[in-house]
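Q: I'd like a close look at a single part of this model, followed by a walk outward into its surroundings. Please take your time and keep it connected.

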Amino acid sequence: MAAQHVDRRAPIAGETKMFGGESFDFDYESLWCTEGRIVEEFEMNQPVPPYLFAFAVGELGSREVGPRTKVYAESVPAVLDAAAQEFAGTEEMIRQGERLFGEYDWERFDLLVLPPSFPYGGMENPRMVFLTPTVIKGDASGAQVVAHELAHSWTGNLITNKNNEHFWLNEGFTTYAERRIVEVVQGEDRAALNIGIGWRGLNEEMERFKDNMEFTKLKTNQEGVDPDAVYSEVPYEKGFQFLWRIERQIGRPAFDEFLKKYIATFKFKSIDTETFLDFLKANVPGIEKQVRLGIVD
Ligand SMILES: [Zn+2]
C-alpha cells in the first residue's frame with residue numbers, strides 16, 4: 001500500500017515548475033511531456049525525513065496477513081504463501097507496540113519481501129517495511145527483524161535523529177523497543193538471549209575501535225568522516241544498554257510512562273542528544289545523580 005496512490009494521468013504542461021524544472025540544464029519540460037508518458041501520483045499524509053523515502057518496482061503480488069498488513073513479494077504463489085505464514089503474527093506485534101509506546105500513527109504496516117540482492121536485513125520505510133528474503137525460514141523467527149522495523153515506527157520514524165551524529169537516538173531506542181516487543185511475543189528467554197548476543201557484539205566493536213575511541217561514543221563527531229566507514233553496533237547496543245540502565249534505575253513502570261511521554265512530545269520531529277537529555281532530566285528529576293548521563297559523549 002505504502003503512500004496512497006491518488007492518480008494515474010497524462011503529464012500537464014507547466015507542472016515541472018513545481019519541482020524546479022526550470023533550473024535544470026536540459027529541457028525538463030519537453031522530457032516530462034513526451035508523448036506516451038504517464039504520471040503516477042501518490043500522497044503521503046505523514047511527514048518523513050528523506051532517508052525514509054524509497055521506491056520498489058517489480059512484478060509483485062500480495063497476501064493479507066492482518067487488518068493493516070499485507071505482505072508483498074515477487075508474484076510467485078509459493079513465495080507469497082511462505083511470507084504470509086512467516087509474518088502471520090504481525091498484528092499482535094503492532095498491538096503490543098501500541099500498548100508500550102502509544103498509538104500506531106502510520107495507518108498501514110505493510111511488508112515487502114525483496115529479492116536476495118537486498119543488502120540489509122530490513123529497512124524501516126514508513127507504511128511499508130522492506131525485508132530480505134533470508135528472514136523467511138519457515139519457523140516465524142523472522143518476526144524478530146519485523147519487531148525491529150516495527151519499533152522504528154515510534155523510534156526513528158516518529159522521532160528522528162537530527163543528523164547521523166545522533167544516530168543512537170534512532171537505533172538505541174529501536175533496539176530497546178524491539179526487545180520489549182520480542183519479550184512479550186516470544187518470551188523473556190528469547191529477549192535475554194538477544195541482549196546477550198548484543199552485548200558480545202558491542203564488546204567486539206569496542207575492540208575494533210580501540211584506536212579510535214570517538215566511535216565508541218553514543219554521540220559522535222563525524223565531521224569529515226564517511227558515516228558508512230564508522231557504522232557499527234555501538235549506537236544500537238550501547239544505546240540499548242544506556243536506556244536499559246535508566247529503566248533499571250527508575251523501574252519499568254516509570255520508564256514506560258517516560259517513554260510514552262517522550263514519543264508523544266517529539267513525534268514527527270527531528271531531535272538531537274541534548275534535547276533528549278534535557279527532556280529526561282526535566283521528567284525524571286535527579287536522574288543525573290543516579291546514572292552517569294555523561295557517557296553519551
Ligand atoms: Zn534499525
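A: Let's start with helix H5, where 15 of the 19 residues are buried, so the helix is largely enclosed by the rest of the structure. Please keep in mind that this is a predicted model. H5 covers residues 168-186, and the distance from its first C-alpha to its last is 25 Å. That is close to the 27 Å expected at 1.5 Å a residue. Just after the helix comes Gly187, with a positive phi near 105 degrees.

One residue of H5 deserves a longer stop: Glu171 lies in this helix. Glu171 has 23 C-beta neighbours inside 10 Å, and because 20 are enough for the label, it counts as buried. Which residues does Glu171 touch, once those up to four places away in sequence are set aside? They are Pro235, Tyr236 and Gly239. Helix H7 runs over 234-250, so by the numbering of DSSP runs these three partners fall within its range.

Glu171 also appears in a record. An unreviewed UniProt entry lists His148, His152 and Glu171 under "binding site". These positions are spread over 24 residues of sequence, yet they cluster in space, with a largest C-alpha distance of 9.3 Å.

His152 is the natural next stop from there. This residue sits in the loop between helix H4 (143-151) and strand S8 (159-161). Is His152 buried or exposed? His152 is buried, since 24 other C-beta atoms lie within 10 Å and the cut-off is 20. Leaving out neighbours within four places in sequence, His152 is in contact with Glu124, Asn157 and Thr174. Thr174 brings us back to where we began, as H5 spans residues 168-186.

Now for a contrast with the enclosed helix. Asp211 is in the loop between helix H6 (188-208) and helix H7 (234-250). Here 5 other C-beta atoms lie within 10 Å, so Asp211 is exposed, the limit for that label being 12 or fewer. Asp211 and Ala2 are 209 residues apart along the chain, and their C-alpha atoms are separated by 43 Å.

Moving on to the strands, there is an open sheet of five strands in the order S3-S4-S5-S7-S6, with mixed pairing. S3 (60-66) and S6 stand at its edges with a single partner strand each, so one side of each is left without a neighbour in the sheet. S3 pairs with strand S4 (residues 69-74) in the antiparallel sense, over six bridges. Two of the matched pairs are easy to find on the model: Leu60 has Glu74 in S4 as its bridge partner, and Arg63 has Val71. A hairpin of two residues joins S3 to S4.

Two loops that lead into strands hold a backbone detail worth seeing. Glu107 is not a glycine, yet it has a positive phi of about 65 degrees. Glu107 is in the loop between helix H3 (90-101) and strand S5 (110-113), and with 12 C-beta neighbours inside 10 Å it counts as exposed. Arg127 is likewise not a glycine, and its phi is positive at about 75 degrees. This residue belongs to the loop between strand S6 (122-123) and strand S7 (128-131). Arg127 counts as buried, with 21 C-beta neighbours inside 10 Å.

Finally, let's step back to the whole chain. The chain has 10 helices and nine strands. Its radius of gyration is 21 Å, close to the 19 Å that the globule rule gives for 297 residues, so the chain is as compact as a globular protein of that length. Along the principal axes, the C-alpha atoms fill a box of roughly 70 × 45 × 35 Å. Of the 297 residues, 29% count as buried. Contacts between residues at least 6 apart in sequence join residues at least 24 apart in 61% of cases.

The domain assignment gives domain 1 (4-43), domain 2 (60-140) and domain 3 (160-296). The C-alpha centres of domain 1 and domain 2 lie 32 Å apart. And our starting point, H5 at residues 168-186, falls within the bounds of domain 3.

Conventions: Residues are numbered from 1 along each chain as its sequence is written. This is a predicted model: local features need pLDDT of at least 70, side-chain atom pairs count only at pLDDT 80 or more; totals for chains, interfaces and linings use all residues. Helices (H or I, at least four residues) and strands (E, at least two) are DSSP runs, numbered from the N terminus. The radius of gyration is taken over C-alpha atoms; the globule rule is 2.2 Å times the number of residues to the power 0.38. Two residues are in contact if their C-beta atoms, placed from the backbone, lie within 7 Å. The expected span of a helix is 1.5 Å times one less than its number of residues. UniProt positions are given in the numbering used here, feature names are shortened, and annotations may be inferred rather than shown by experiment. Domain bounds come from an automatic or database domain assignment. Two strands pair if DSSP finds at least two bridges between them.
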